[in-house]
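Visitor: Please take a close look at one part of this model, a place where two helices meet, and describe it in a connected way.

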Amino acid sequence: MTKVCMLVHTHSFLDTRIFQKEAKSLQKHGYEVVMIVPRMKGKLFRINKEPFENELLEPSFMYEGIKIVTYDFETFKPTVEHMQEHVDVETLAFNNPLVKLGLAENADVYHAHEVASLFAGIGIKRKRIKDGKPVKLIFDSHDLIPDPFDKKQKFIAMGKLLDDMLNEIDQLITVSPSIKAYYITKQPLLPIEILYNSPPLNKEYQARIPKATELTVGYEGHVANNKKGSSDKIYKITDLAKQQVASFTFKIIGGVLHGHKLEIPEKLKPHIAMTGWVPFEGIAKEMAEVDIGWIDFDDLSNSLNRSYALPNKFFSYLNNGIPVIVNKCHDMEQFIQTHQCGIVLNKQKATGEDYAEAILYLHQNRDQLQQMSINARKAMEDLYNWEKMEQRMLQMYEALLADKPKSFYIEK
């Protein structure tokens with residue numbers, strides 16, 4: 001049985017992409033999967049950073065059929081300078097807990113999810129080559145990190161480090177066409193696959209007919225004050241829309257991170273519904289009553305990553321036949337234009353008033369809203385559901401393990 005070791009440095013062990021999709025899919029199809037994951041101050045943590053206080057305290061354990069091995073994050077916080085120094089010395093095996101635990105698992109493939117875990121993966125790969133037992137190394141780039149638009153010295157240095165580390169990987173995975181194209185400019189011959197952040201196809205989906213007197217706008221994920229999920233914009237949208245729609249609700253599926261509070265203005269409380277953080281399997285059910293999905297990625301002039309993003313929430317909306325309204329983000333704009341499944345505001349920096357205007361336009365043009373809903377669901381059924389991504393991933397793994405030529409094409 002082929003063994004895969006997921007190397008994780010900052011994500012929760014329950015991360016949707018790493019655990020719920022990739023690890024479970026590999027396990028389902030006959031791979032032995034182990035995840036090496038961090039504890040923060042001795043505790044494992046949920047997606048919203050909430051710690052598991054009195055459970056999962058063992059150093060290693062089985063969780064839903066997957067072996068979880070833990071280490072203390074505080075013992076492995078390498079600086080960019082430290083990583084660059086070790087990468088530059090080609091024969092050096094790295095002495096850190098993630099390398100030690102990874103080597104102990106004796107896996108065939110190591111699948112890293114951050115810059116620091118990739119650093120550890122290179123240490124493992126070098127040691128195994130030295131021992132005459134070569135392994136495959138995958139880097140799964142969830143984001144464009146470091147962001148090329150961020151000119152802080154530490155991020156420029158991290159960019160050089162990552163460029164150097166890409167020379168030692170066997171396969172790169174990422175999440176959008178533009179991020180793939182960016183990496184191709186770095187390493188034209190490196191095999192790169194896109195695994196979209198898609199959920200499994202919602203088998204319980206039932207088409208909705210928009211109502212003249214009711215409207216629910218949904219937002220999935222983390223609510224903050226800027227960058228994305230702005231609480232101020234949610235309040236402005238709600239305040240304007242409730243004046244025009246007899247029964248208006250802004251539904252937040254998720255909320256603030258652990259330890260934070262959301263101060264909703266008193267007059268808006270009847271119109272804002274919060275579910276709190278919902279298990280991965282329960283998101284589709286919470287989406288059932290949502291008519292329009294909202295995404296706002298602000299500060300695009302300082303972030304190429306946000307412009308290129310196709311986030312989990314985007315596909316969650318489409319999976320449930322929910323058209324998306326978003327500001328002018330490059331990859332989401334291309335997708336929405338291709339599949340006619342939402343509205344892209346012609347502004348990189350959109351206000352709450354801008355979003356409210358687009359939301360009310362769709363409410364007043366319900367035939368258009370319904371057609372966009374049909375298009376959204378069809379795109380997921382035909383091309384983008386996780387079942388399709390799972391097949392991509394399995395074919396990629398098979399080719400990687402068979403040492404097939406590095407350039408191969410997998411249809412959408």
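Guide: What follows describes one helix pair and its contact. This is a predicted model, in which local features need pLDDT of at least 70 and side-chain atom pairs count only at pLDDT 80 or more, whereas totals for chains, interfaces and linings use all residues. Residues are numbered from 1 along each chain as its sequence is written, and side-chain values use heavy atoms, with hydrogens and water left out. The pair consists of helix H1 (residues 16–28) and helix H14 (residues 386–401), whose axes come within 10 Å and cross at roughly 65°; helices here are DSSP runs of H or I with at least four residues, numbered from the N terminus, and axes are lines fitted to C-alpha atoms over the stretch in contact, with angles from 0 to 180 degrees between N-to-C directions. That crossing makes H1 roughly perpendicular to H14, a term that covers angles of 65 to 115 degrees. The crossing of H1 and H14 is also right-handed, meaning that the near helix is turned clockwise from the far one by less than a right angle. On the H1 side, Lys21, Glu22, Ser25, Leu26 and Lys28 take part, and they meet Trp386, Glu390, Met393, Leu394 and Tyr397 of H14, where contact means heavy atoms within 4.5 Å. By class, the residues of this contact between H1 and H14 comprise 5 nonpolar, 4 charged and 1 polar; Ala, Val, Leu, Ile, Met, Phe, Trp, Tyr, Cys and Pro count as nonpolar, Asp, Glu, Lys and Arg as charged, and the others, Gly among them, as polar.

Conventions:
Helices (H or I, at least four residues) and strands (E, at least two) are DSSP runs, numbered from the N terminus. Angles under 35 degrees count as roughly parallel, over 145 as roughly antiparallel, 65 to 115 as roughly perpendicular and the rest as oblique.
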